[in-house]
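Subject: Structure handover: helix packing and cavities

Hello,

Here is the structure for you to look over. My notes on helix packing and internal cavities follow below it.

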Amino acid sequence: ASKDHPLRHLWLEFVPNMPMEQLWKPFYAKIREHLKDMPILQTWKGRIFKRPSELKRLIPSTLHHGTPIFDDLPNEKYLAPEYGQSNVLEELGVRIISWSDILERLQADLMSSHSKMRSLAPNDEWHASGAALLLSAFENTEAKVDQQKIKQMDIIPLLDGQWTMFQPRLGFGGPEPIYFPSTNGVPIPENLSLQLVEARAASVPKRADLFRKLGVQDRTKEGVIFEIKLHHLMSAGSTAHTSVPASQFKYLFHFDTNPDLLRDWLLVPTEAGCLRKASKQLYFLSDEEYGTQQLLGGGCEAKKNGPAAFVRRELVESESPHAHCQNLTWSEWLKRASGARYFPPLVEEIGR
């Protein structure tokens, strides 16, 4: 306005007293729209400047000890953490990380030679954070598609070192079910035809919860005992070298009700490196003067075709002799289940 303009005195009185916020308010919308198309915000890792709409804000559930659970991809989208949680970020076009972005980075991790999922110890704290994040997808009724994508990823570690996904069994000959590796804290034996989750991974509560969402089941004790019996029956008629680990006996000790009924099919590992039916006479190693081992002389226990077969020492010592279950100690149970004794019978039984 010119010096003599009639409104000049009003302008001079009004502008100095106007709050700065009110003075700039008409320009905010235009400034905001202009900033949306400018590379003004930095990424988390590489500190690359990008447009706000190209970046994604991470929320606490996507972090482990303050860092992203799943590493960003080379075309970085993670917004640098220093920007905080200001509403201005959303106004500029920054959005919260989506499930599609999260699962894309999980898949990249699984394919990487430096995969966190596969290289960190199964019970590492990182896994608990990762499982908690993935579990949140199953708590969202609107995330059915994302839930299905998670189920199709090989994120279940097995006892044999493999990684797999749960595949529903659609009839005979379909994929085998996946089971948790223990029953009431007692490990399910190895050498059975069961797919078992890696024990340390299953011991992490959040991972166990996630595995259940993915379809992992508990195998009943009756089912495990059936598998043990089947393993022994098949091994008895096989010419191939087979083994019966002590864990099978320990499982039966904890859950079988009558050890005397096992003798018809139980195979017992011997000191000679063989498997012998419990229905045949077996002996325990002993330093007693009149024990079978002492009567037959040194080295008798290692002879495959010797006059007596001795229960393998590792089996006898695999459990505390004073451990109790079903009102029997381990020593008492093993004696009844195997029929083994320390001393030779005075009279040979018919049929032995």
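Start with one contact between two helices. Trp99, Ile102, Leu103 and Leu106 of α4 meet Leu133, Leu134, Ser136 and Ala137 of α6. By class, that contact holds seven nonpolar residues, one polar residue and no charged ones. Please keep in mind that this is a predicted model.

Now the geometry of that pair. Helix α4 covers residues 99-111 and helix α6 covers residues 125-138. Their axes come within 12 Å and cross at roughly 140°. That angle makes α4 oblique to α6, because it falls outside the ranges for roughly parallel, antiparallel and perpendicular. The crossing of α4 past α6 is left-handed.

α4 has another partner, helix α7, residues 144-151. Here the axes lie 11 Å apart, at an angle of about 5°. An angle under 35 degrees counts as roughly parallel, so α4 is roughly parallel to α7. Trp99, Ser100 and Leu103 make the contact from α4. From α7 come Asp146, Lys149 and Ile150. The class split is three nonpolar, one polar and two charged residues. Note that Trp99 and Leu103 are also on the list for α6.

The next pair is helix α10, residues 221-236, and helix α11, residues 246-255. They pack at an angle of about 140°, with axes 11 Å apart. α10 and α11 are therefore oblique to each other. Their crossing is left-handed. On the α10 side, Lys221, Val224, Ile225, Ile228, His231 and His232 make the contact. On the α11 side, the residues are Gln248, Phe249, Tyr251, Leu252 and Phe255. By class, this contact has seven nonpolar, three polar and one charged residues.

Now the cavities. How many of 30 Å³ or more does a search of the whole structure find? The search gives two.

The largest cavity has a volume of about 80 Å³. Its lining consists of Met117, Trp126, His127, Gly130, Ala131, Leu134, Ile155, Arg207, Leu210 and Phe211. Two elements give two or more residues to this lining: α6 and α9 (205-213). The largest share, five residues, comes from α6. By class, the lining has seven nonpolar, two polar and one charged residues. Leu134 is worth a look, as a lining residue here and as part of the α6 side of the contact with α4.

The second largest cavity holds about 60 Å³ of space. Leu58, Thr62, Pro68, Ile69, Phe70, Tyr78, Ile97, Ile102 and Leu133 line it. Eight of these residues are nonpolar, one is polar and none is charged. Ile102 and Leu133 link this cavity to the helix notes: both line the second largest cavity, and both are listed in the contact of α4 with α6.

If you open the model, α6 is a good place to begin. α6 meets α4 through Leu133, Leu134, Ser136 and Ala137, and α6 gives the largest share of the lining of the largest cavity.

Best wishes

How values were computed: Residues are numbered from 1 along each chain as its sequence is written. This is a predicted model: local features need pLDDT of at least 70, side-chain atom pairs count only at pLDDT 80 or more; totals for chains, interfaces and linings use all residues. Side-chain values use heavy atoms; hydrogens and water are left out. Axes are lines fitted to C-alpha atoms, for helices over the stretch in contact, and angles run from 0 to 180 degrees between N-to-C directions. Helices (H or I, at least four residues) and strands (E, at least two) are DSSP runs, numbered from the N terminus. Angles under 35 degrees count as roughly parallel, over 145 as roughly antiparallel, 65 to 115 as roughly perpendicular and the rest as oblique. A crossing is left-handed if the near helix is turned anticlockwise from the far one by less than a right angle, and right-handed if clockwise. Contact means heavy atoms within 4.5 Å. Ala, Val, Leu, Ile, Met, Phe, Trp, Tyr, Cys and Pro count as nonpolar, Asp, Glu, Lys and Arg as charged, and the others, Gly among them, as polar. On a 1 Å grid over the protein atoms alone, a cavity is a set of points where a 1.4 Å probe fits but cannot get out, and a pocket is an open set with protein on both sides within 12 Å along at least five of seven lines; lining residues have an atom within 4 Å of a point. Grid points are joined across faces, edges and corners, and a volume is the space filled by probe spheres set on the points.
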